[in-house]
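Biologist: I am new to this protein and would like a guided look at the model. Could we go through it step by step?

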Amino acid sequence: MTTAIQTEAAADRVPHRTAVRRQIAANDVLKAVLESLDDSKAEDIISIDIAGKSALADHMVVATGRSQRHVGAIADHLSRDLAEAGCRVGSVEGMPHCDWVLIDAGDVIVHVFRPEVRTFYNLEKMWSADPPKATTQRTVPEAVEV
């Protein structure tokens, strides 16, 4: 018991430990993402649970902006809100063109599209679909005698 107390006290004295930002859980990141997208007036916001489908993240969020300027503003606002909430924003891709902006927030991946681009790629259909069930038995057609 004294060992645990000493270890905690020693950890508190290590200077780099006090400067480490707190990591928040995937559900908290998802909540922060959805609130930020709603505040930015993003449209057609869809959250997809991909925890069992991919090792990349636990959730994928797909949203639409009305124009390139709106997509860029949504992405900027989201990055700022996540940083203020203590989330790690790994990278933001697609900002120069703002047709499709991808924001990597660790356990949550966010895609912000212009309407035409979202319709073309249709990510939510690809990730929401259940994988086909494998069959273990194959039926062999009977041979026809001539």
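Modeller: The chain of this predicted model has 6 helices and 5 strands.

Biologist: In what pattern do they follow each other along the sequence?

Modeller: Read from the start, the pattern is α-α-α-β-β-α-β-β-β-α-α.

Biologist: How much of the chain counts as buried?

Modeller: The chain has 146 residues, and 32% of them count as buried. The exposed surface of the chain is about 10200 Å², with carbon and sulfur atoms supplying 54% of it.

Biologist: And what share of the contacts comes from residues 24 or more positions apart?

Modeller: Such residues account for 55% of the contacts in the chain with a separation of 6 or more.

Biologist: Let us turn to charges. How many salt bridges does the structure hold?

Modeller: There are 4 salt bridges in the structure. One of them pairs Arg 66 with Glu 43, with 3.6 Å between the closest N and O atoms. This pair links distant parts of the chain, 23 residues apart: Arg 66 is in the loop between β2 (59-64) and α4 (68-84), and Glu 43 is in strand β1 (residues 43-49).

Biologist: Is Glu 43 buried, partly exposed or exposed?

Modeller: Glu 43 is partly exposed, as its relative accessible area is 31%.

Biologist: Which residue forms a salt bridge with Asp 99?

Modeller: Asp 99 forms a salt bridge with Arg 114, and their closest N and O atoms are 2.5 Å apart. Here too, distant parts of the chain are linked, 15 residues apart: Asp 99 is in the loop between β3 (91-93) and β4 (100-104), while Arg 114 is in the loop between β5 (108-113) and α5 (115-121).

Biologist: How accessible are those two?

Modeller: Asp 99 has a relative accessible area of 25% and is partly exposed. Arg 114 is partly exposed as well, at 21%.

Biologist: With which other side chain does Arg 114 meet in a salt bridge?

Modeller: The side chain of Arg 114 also meets that of Glu 116 in a salt bridge, at 2.5 Å from N to O. Through shared partners, Asp 99, Arg 114 and Glu 116 are joined into one network.

Biologist: Why can such side chains pair at all?

Modeller: Side chains of opposite charge can pair when their charged atoms come close.

Biologist: A change of topic: the backbone. What is notable about the phi of Lys 41?

Modeller: Lys 41 has a phi near 65 degrees, which is a positive value in a residue other than glycine. Most residues other than glycine have a negative phi. Lys 41 lies in the loop between α3 (26-39) and β1.

Biologist: Is Lys 41 buried or exposed?

Modeller: Lys 41 counts as exposed because its relative accessibility is 55%, and the cut-off for exposed is over 50%.

Biologist: What about Cys 98?

Modeller: The phi of Cys 98 is near 60 degrees, again a positive value in a residue other than glycine. Cys 98 is placed in the loop between β3 and β4. Cys 98 is buried, because its relative accessible area is 10% and buried means under 20%.

Biologist: Last, Thr 64. Where does it lie, and is it buried or exposed?

Modeller: Thr 64 lies in strand β2 and is buried, with a relative accessible area of 3%.

Biologist: What does Thr 64 touch?

Modeller: Leaving aside residues up to four places away in sequence, Thr 64 touches several residues, including Glu 43, Ile 74, Phe 113 and Arg 114. Arg 118 is also among them, and a polar contact of 2.7 Å joins the side chains of Thr 64 and Arg 118.

Technical notes. Residues are numbered from 1 along each chain as its sequence is written. This is a predicted model: local features need pLDDT of at least 70, side-chain atom pairs count only at pLDDT 80 or more; totals for chains, interfaces and linings use all residues. Side-chain values use heavy atoms; hydrogens and water are left out. Helices (H or I, at least four residues) and strands (E, at least two) are DSSP runs, numbered from the N terminus. Buried means under 20% relative accessible area, exposed over 50%, partly exposed in between (1.4 Å probe, protein chains only). Contact means heavy atoms within 4.5 Å. Accessible areas come from the Shrake-Rupley method with a 1.4 Å probe; for residues, only the protein chains shown count as cover. A polar contact is a pair of N or O atoms within 3.5 Å; within protein, one must be able to donate a hydrogen and the other to accept it, and residues adjacent in sequence count only if both atoms are side-chain atoms.
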